[in-house]
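Trainee: I should like to learn how to read a structure of this kind step by step. May we look at it together?

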Amino acid sequence: MKCIAIESTAHTFGCSVVDGDGNVLSDVRDAYKTDKGGMIPMDVAKHHVEVKDKVIGGAIEQSGQKKFDLVSFSCSPGIPPCLKVGIKTAKELARKLNVPLIGVNHCVSHLTSGLLFTGAGDPVFLFCSGANTQIVGLEGGKYRIFGEAISIAIGNMLDKFGREIGFGFPAGPKIEEYAKKGKNFIELPYVVKGMDIELSGILTKAIQLYRNGVSKEDLCYSLQETVFAMLAETSERALAHTGKKELLLIGGVAANKRFGEMLNNMCEERGAKFFTVSLKYSADNAAMIAWQGILERDFAVKPKDFDSIDINPRQRTDQVEVSWK
Ligand code: AMP
Ligand code: MG
């Protein structure tokens with residue numbers, strides 16, 4: 001089984017080939033970036049159209065494969081204009097190869113590929129990306145959301161703060177770099193409700209302090225320490241609540257070393273095992289979409305029925321039936 005997949009939900013257009021044992025045979029990506037300002041949906045979609053042929057050609061060449069059995073693509077959730085580029089491209093590719101097509105949920109793909117890439121068994125997932133901040137666990141055939149950020153997600157909050165202080169998109173890596181140079185911890189709103197957190201107040205406060213002259217370094221440092229502590233507290237609560245013994249950090253924000261260090265300390269203290277995907281697979285990528293396609297291959301659709309496949313920009317993780325092993 002060789003699955004070729006397309007990822008296009010947000011900033012990244014990716015193509016990857018994965019085999020039935022989960023070996024990544026190729027993984028090519030091109031991510032939309034800015035020097036200043038955030039993501040403008042139509043500009044991101046335009047970026048995807050511009051790079052798609054090069055990315056797909058590169059992934060096929062890198063894989064060394066000539067025959068494919070399945071095309072998978074991320075059909076949900078995501079930015080509608082970006083998803084539309086993905087579905088159109090995936091249908092064209094599957095027609096050309098004359099193979100079945102499957103649309104998969106991007107967030108669920110982050111979870112299942114996290115298991116593939118780390119060897120974790122039945123963890124509490126801490127999913128921290130641009131658009132999601134969720135504490136998730138598999139219970140009764142669905143990925144249940146035990147806790148989440150009530151208004152904006154962690155990556156989005158970091159990117160908005162970064163935009164305010166003159167960083168481009170994505171701002172997370174630059175905030176991490178500046179945080180290392182921070183000397184003074186400034187108290188910021190710490191809002192935890194059970195296993196939920198709230199991040200819009202801390203964003204407003206950090207922006208106010210910046211406008212009042214507090215240094216970027218001290219604010220990046222204090223923002224990281226406060227937000228990561230909120231998530232360490234809530235994921236510890238989820239471990240206690242579920243009795244699970246593993247924590248798996250996934251999503252783009254998992255690239256942050258300080259975040260991993262704080263979560264690892266928490267896990268060590270309570271005898272749980274901490275896993276995080278390697279830097280390469282923490283961000284959006286098509287390898288995870290290929291793996292999810294392989295898991296769901298029994299539901300793939302033949303070319304004559306491609307009209308039945310559509311995008312679903314708002315589908316939540318807990319709406320997907322976990323029908324695979
Ligand atoms: P994703 O949506 O999963 O691709 O993740 C993208 C998000 O991860 C963006 O909001 C980035 O700012 C954030 N991000 C990437 N690298 C880091 C980092 N080193 N520290 C914190 N956030 C990061
Ligand atoms: Mg993602």
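**Overall form of the chain**

Trainee: What radius of gyration does the chain have, and what would a compact globule with 325 residues have?
Mentor: This is a predicted model. For a compact globule with 325 residues, a radius of gyration near 20 Å would be expected. The chain agrees with that expectation, because its own radius of gyration is 20 Å.

Trainee: How many helices and how many strands are in the chain, and what box do its C-alpha atoms fill?
Mentor: The chain contains 10 helices and 12 strands. Taken along the principal axes, the box filled by its C-alpha atoms is roughly 60 × 45 × 30 Å.

Trainee: What percentage of the residues of the chain count as buried?
Mentor: A residue counts as buried when its relative accessible area is under 20%. Among the 325 residues of the chain, the share that counts as buried is 54%.

**The magnesium ion**

Trainee: Which residues are the protein donors of the magnesium ion (ligand 2)?
Mentor: The protein donors lie 2.1 to 2.3 Å from the magnesium ion (ligand 2). In sequence, the donor residues follow the spacing H-x3-H-x173-D. The donors are His-106 (NE2), His-110 (NE2) and Asp-284 (OD).

Trainee: How many residues apart in sequence are the parts that His-106 and Asp-284 tie together?
Mentor: His-106 lies in helix α3 (residues 106–118). Asp-284 is in the loop between α9 (279–282) and α10 (287–295). The pair therefore ties together parts whose separation in sequence is 178 residues.

Trainee: Is His-106 buried or exposed, and is Asp-284 buried or exposed?
Mentor: The cut-off for buried is under 20% relative accessible area. His-106 has 6% relative accessibility, so His-106 counts as buried. Asp-284 has 9% relative accessibility, so Asp-284 also counts as buried.

**Backbone details**

Trainee: Which residues does a cis peptide bond join?
Mentor: One place to examine is the loop between α4 (154–164) and α5 (172–179), where Pro-170 is found. The omega of the cis peptide bond is about -5°. The residues that this bond joins are Phe-169 and Pro-170.

Trainee: Where does Asn-98 lie, and is Asn-98 buried or exposed?
Mentor: Asn-98 lies in the loop between α2 (80–97) and β5 (101–105). Its phi is near 55°, a positive value in a residue other than glycine. Exposed means over 50% relative accessible area. Asn-98 has 60% relative accessibility and therefore counts as exposed.

How values were computed: Residues are numbered from 1 along each chain as its sequence is written. Chains are lettered from A and ligands numbered from 1 in the order in which they are written. This is a predicted model: local features need pLDDT of at least 70, side-chain atom pairs count only at pLDDT 80 or more; totals for chains, interfaces and linings use all residues. Side-chain values use heavy atoms; hydrogens and water are left out. Donors are N, O and S atoms within 2.8 Å of the metal (3.2 Å for Na, K and Ca); water is not among the atoms, so sites may look incomplete. Helices (H or I, at least four residues) and strands (E, at least two) are DSSP runs, numbered from the N terminus. Buried means under 20% relative accessible area, exposed over 50%, partly exposed in between (1.4 Å probe, protein chains only). The radius of gyration is taken over C-alpha atoms; the globule rule is 2.2 Å times the number of residues to the power 0.38.
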